[in-house]
Amino acid sequence: MRWLLRLGWLRTVVELKQLVRHREMAFWTLMFPVVLMVIFGSVFGQQKLGPTGVTFAQYFTAGMIASGVLYTSFQNLAIGMPQEREEGTLKRLQGAPMPKAAYFLGKIGLVFVTYVGQTAVLIAVGVAFYGINIPTGFDTWWRFTWISVLGLVSCTLLGIAFSTVPSSGRTASTVVSPIVLVLQFTSGVYFMFRDLPHWMQQFAALFPLKWLTQGMRSVFMPSQAASLETTGSFEVGRTAAVLLLWLVISMVMASTLFRWQRRSER
Amino acid sequence: MIDELAVRARGVIKSYGAVHALRGVDLDIRRGECVALLGPNGAGKTTMTEILEGFRIRNQGEVTVLGVDPEHGNLQWKARLGMVLQSSADLKELSVAEAVRHFAQIYPHPANVDEVIEVVGLHEKRNTYVRKLSGGQRRRLDVALGIIGQPELLFLDEPTTGFDPEARRQFWTLIEGLKAKGVTILLTTHYLDEADRLADRVAIIAAGVVLADRTPSSLRADAMRTATVNWVEGGVARSEQTEHPTALMRELMARFEDEVPELSVVRPSLEDVYLHLTGEASERERDAAPADGAVTSAEVAS
């Protein structure tokens, strides 16, 4: 076990080095949510949401942080790993005594660090330019932490599992980006979730992003804004339950679907 | 017997859809032996190597590598192997030393990182990012990563492709050093001189079949058995292949009073033997193609 954690840590360091030194990639990984924040914040940011007095910028920040979970984990891995397969990274590791679990741990470590960086930049820009309020209570930050951790681990594992779907590194972003966009639109990142058609809400409730977004609203929105939710509550307990269920599903999917190689190469 | 043989393969068959990559390959490699798998492009060399490495799944046949079926090879088994795969473009953003150190940390009994970098001749590039290496330097890094785990059995899949002549000679010295340490080696190549220099045994493979599995010197002896005698007679170029060139020469000397015009006696090179063998194989494959097609569809259906 200690050996596995040590290898996972070594992988994290190597993965991070390779990301940081790839300047374009490092820059856009950090800045992408900020760019969206600037666009949406400038257009709709100061609109007030009903009688609560909360700005759309505040609502959107919660949605962007939840999206950041999906970007840094699922999207980055489902697009990046097919490329790693093509470059021979995975085959080289497969030929070495590298356990899959340690490789997964390395990816989880990479995702955690990029998420923390991305979110810190996003919050800083939000506070500086769009009047975002950040929570102060320990309880709220604890909730932020466990929602993030559950989301990151399960979406990392889902990204690892999904990385076997695109047929090549070149087509990966074409396959993966629409999935992320559809989830964002249906999960209440860009629109008020309450205003979406019922069937769309039901669809989104099947996937983690809806619950991550709602969970982040429970962190970044004032408590009176619970009245803007479909049920009149942030449903923190149910969010925890759904995310835990997805954690289990993602573990099963990653361990059964992940392949070092493309299927056609065997 | 398990102890004596590092690799034992019997009747290995592998098809990709309608393409028969291997049609029943046998291969034994004793411990400490260096065997070259020699053949033209598409002969099945890489497929065979990757089946032994556990990357590919064979359709039929028996295989043990260090006493283990590669399809069930675990991490302990992999730790005893070294693999230099055909091509790669990974690790770009790491320095040479970082890449070698990282892999040293993965193996249970690694060699010394600095020594390995030195022995593959990348000492001056140890702090250079991998993306800035030339093709030949990249290949040396691949070799460094292949031997960093101190393998008992090393697979080298066309290791010197893209090397200049000097780099190849340095590489050969490196491999001879590993042989001296008792490392078993399976080398895939299409360079005859490389096989001749390094291998204890050469298995010539073409169209998925092993055509010859012998020592380089016995292949050469084969080549020396026949000779081609060329001369010009009555303004016409004549050529005759014979196992008795001396007898033919005597006859010619009797026929011509003076010098025999443009006389030469040519022994086939190792390369000629190789081309002859692999040429026959590809002709056979062409002739057999229609019949094969029928077999294939039946196999796919099952």
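**Helix pairs, a sheet and two buried glutamates**

Mentor: Let's start where the two chains meet: α1(A) and α3(B) are roughly antiparallel to each other.

Trainee: What makes them so, in terms of the angle at which α1 (residues 2-21) of chain A and α3 (residues 96-106) of chain B pack?

Mentor: Their angle is about 165°, with the axes 10 Å apart. Angles over 145 degrees count as roughly antiparallel, under 35 as roughly parallel, 65 to 115 as roughly perpendicular and the rest as oblique. The pair therefore earns the name roughly antiparallel. Axes are lines fitted to C-alpha atoms, for helices over the stretch in contact, and angles run from 0 to 180 degrees between N-to-C directions. Keep in mind that the model is predicted: local features need pLDDT of at least 70, side-chain atom pairs count only at pLDDT 80 or more, and totals for chains, interfaces and linings use all residues. Residues are numbered from 1 along each chain as its sequence is written, chains are lettered from A and ligands numbered from 1 in the order in which they are written, and side-chain values use heavy atoms, without hydrogens or water.

Trainee: Which residues make the contact between α1(A) and α3(B)?

Mentor: Contact means heavy atoms within 4.5 Å. From α1(A) come Arg6(A), Leu7(A), Leu10(A), Arg11(A), Val14(A), Lys17(A) and Arg21(A), and from α3(B) come Glu98(B), His102(B), Gln105(B) and Ile106(B).

Trainee: And within chain A, at what angle do α3 (residues 56-87) and α5 (residues 100-130) pack?

Mentor: About 150°, again with axes 10 Å apart. Set against the cut-off, that makes α3(A) roughly antiparallel to α5(A). Among the residues that meet there are Met64(A), Ile65(A) and Leu77(A) of α3(A), with Tyr103(A), Val111(A) and Leu122(A) among those of α5(A).

Trainee: How do you know which strands of the six-stranded open sheet in chain B stand at the edges?

Mentor: Two strands pair if DSSP finds at least two bridges between them. The sheet order in chain B is β5-β6-β7-β3-β8-β9, with mixed pairing. β5 (81-84) and β9 (209-214) of chain B each have a single partner strand, so one side of each lacks a neighbour in the sheet, and these two are the edges. From one strand to the next, the twist averages 15°.

Trainee: What makes β3 (residues 34-38) and β7 (residues 184-189) of chain B a pair?

Mentor: Five bridges join these parallel strands, which satisfies the requirement of at least two. For example, Leu37(B) has Thr188(B) in β7(B) as its bridge partner. On the helical side, α5 (residues 135-147) of chain B lies across β5 and β6 (153-157), running at about 170° to β5(B).

Trainee: How are these helices and strands assigned?

Mentor: They are DSSP runs numbered from the N terminus: helices are H or I, at least four residues, and strands are E, at least two. Chain B has ten helices and twelve strands.

Trainee: What makes Glu235(A) and Glu158(B) buried?

Mentor: Buried means under 20% relative accessible area, exposed over 50%, partly exposed in between (1.4 Å probe, protein chains only). Glu235(A) is at 14% and Glu158(B) at 12%, so both count as buried. Each is a non-glycine residue with a positive phi: about 50° for Glu235(A) and near 45° for Glu158(B). Glu235(A) lies in the loop between α9 (208-220) and α10 (236-257) of chain A, while Glu158(B) is in the loop between β6 and α6 (165-180) of chain B.
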